[in-house]
Amino acid sequence: MIRAMVGDLTKVEGVEYICNAANGIGPMGGGVAAAICRAGGRVIEEEAIRVCQAQDPQPGDLYVTGAGSLPFRGVIHLVTMKQPAGATSYEIVRSCLERLVAHCREHGIKKVALPALGTGVGRLDKARVARLFREVLAPVEDVEFVVVDIDESFIQMVDSY
């Protein structure tokens, strides 16, 4: 199940977790990551760095931290690139989405919000990423994925595919 809306990911109501378009070493200095860190506090970034040092997540993986002062159970960090502002690919985004579905099912998560992945510093084509979101997330019936982004054109693409 997929729903898309224009807005601020950190202010979405009624979801258990929000997702971050993350790197695999933890710093949250730009884009969605920086917005989450600003809204929820540096404690999220500090934990992300510790988790990455312990788990060494690779592109396509995910890891989870607390949500700081945000009203969510936690932040699911989808690792779209190893280094900050590094390279990503459509295959990595697909892997992140598939792992997100599996993680939600494994942990009984019923509603999660996520941003566009790989379309900022990763420079992936928004239309192709929107199609990936629909392909992977739309058929899922036991979890609701709320795609939230400030880019109205991306949200329209997710809705139209």
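**Exercise 1: Strand partners**

Find the residue in S4 that is the bridge partner of tyrosine 17.

*Solution.* Step 1: look across from tyrosine 17 into S4, and you land on glycine 74. Before going on, note that you're working with a predicted model, where local features need pLDDT of at least 70, side-chain atom pairs count only at pLDDT 80 or more, and totals for chains, interfaces and linings use all residues. Residues are numbered from 1 along each chain as its sequence is written, and side-chain values use heavy atoms, with hydrogens and water left out.

Step 2: get the labels straight. Strands (E, at least two residues) and helices (H or I, at least four residues) are DSSP runs, numbered from the N terminus. Two strands pair if DSSP finds at least two bridges between them.

Step 3: zoom out to the whole strands. S2 covers residues 17–23, and its pairing with S4 (residues 74–81) is parallel, with seven bridges. S2 also runs parallel to S5 (residues 111–114), joined by two bridges. On that side, tyrosine 17 has valine 112 as its bridge partner.

Step 4: keep going from valine 112. Phenylalanine 145 in S6 stands opposite it, and S5 and S6 pair in the parallel sense over four bridges.

Step 5: check how covered S2 is. Six of its seven residues are buried, where buried means under 20% relative accessible area, exposed over 50%, and partly exposed in between (1.4 Å probe, protein chains only).

**Exercise 2: A histidine on the inside**

Work out which side chains make polar contacts with histidine 77.

*Solution.* Step 1: place the residue. Histidine 77 sits in strand S4, and its relative accessibility is 0%, so it counts as buried.

Step 2: look for polar contacts. These are pairs of N or O atoms within 3.5 Å; within protein, one atom must be able to donate a hydrogen and the other to accept it, and residues adjacent in sequence count only if both atoms are side-chain atoms. The side chain of asparagine 20 is joined to histidine 77 at 3.0 Å, and the side chain of threonine 65 at 2.8 Å.

Step 3: widen the search to any contact, meaning heavy atoms within 4.5 Å. Leaving aside neighbours within four places in sequence, histidine 77 meets several residues, among them Ala22, Met28, Ile44 and Asp61.

**Exercise 3: Counting disulfides**

How many disulfides does the rule give?

*Solution.* Step 1: state the rule. A disulfide is a pair of cysteine sulfur atoms within 2.5 Å.

Step 2: test cysteine 104. Its closest cysteine sulfur, in cysteine 19, is 6.7 Å away, which is too far for a bond. Cysteine 104 is buried, at 0% relative accessible area.

Step 3: finish the count, which comes to zero disulfides. Cysteine 52 is in none either, with the nearest cysteine sulfur, that of cysteine 96, 12 Å away. Cysteine 52 is buried too, at 4% relative accessible area.

**Exercise 4: Helix H4 and the core**

Identify the buried residues of H4 and what covers them.

*Solution.* Step 1: size up the helix. H4 has twelve residues and reaches 16 Å from its first C-alpha to its last, close to the 16 Å expected; the expected span is 1.5 Å times one less than the number of residues.

Step 2: list the buried residues: Ala127, Val129, Ala130, Leu132, Phe133, Val136 and Leu137. An α-helix has 3.6 residues a turn, so residues three or four places apart point the same way. For contrast, arginine 128 lies in H4 but is partly exposed, at 41% relative accessible area.

Step 3: find the cover, which includes S1, H3, S5, S6 and H5.

Step 4: connect this to the nonpolar core, a set of buried Ala, Val, Leu, Ile, Met, Phe, Trp, Tyr and Cys residues joined through side-chain atoms within 4.5 Å. The largest one has 36 residues, and Phe133 and Phe145 have the most contacts inside it. H3 gives the most to this core, with eight residues. Phenylalanine 133 touches residues including Ile2, Val93, Leu114 and Phe154.

Step 5: check the start of the helix. Aspartate 125 caps the N-terminal end of H4, with a side-chain oxygen 3.2 Å from the backbone nitrogen of alanine 127.
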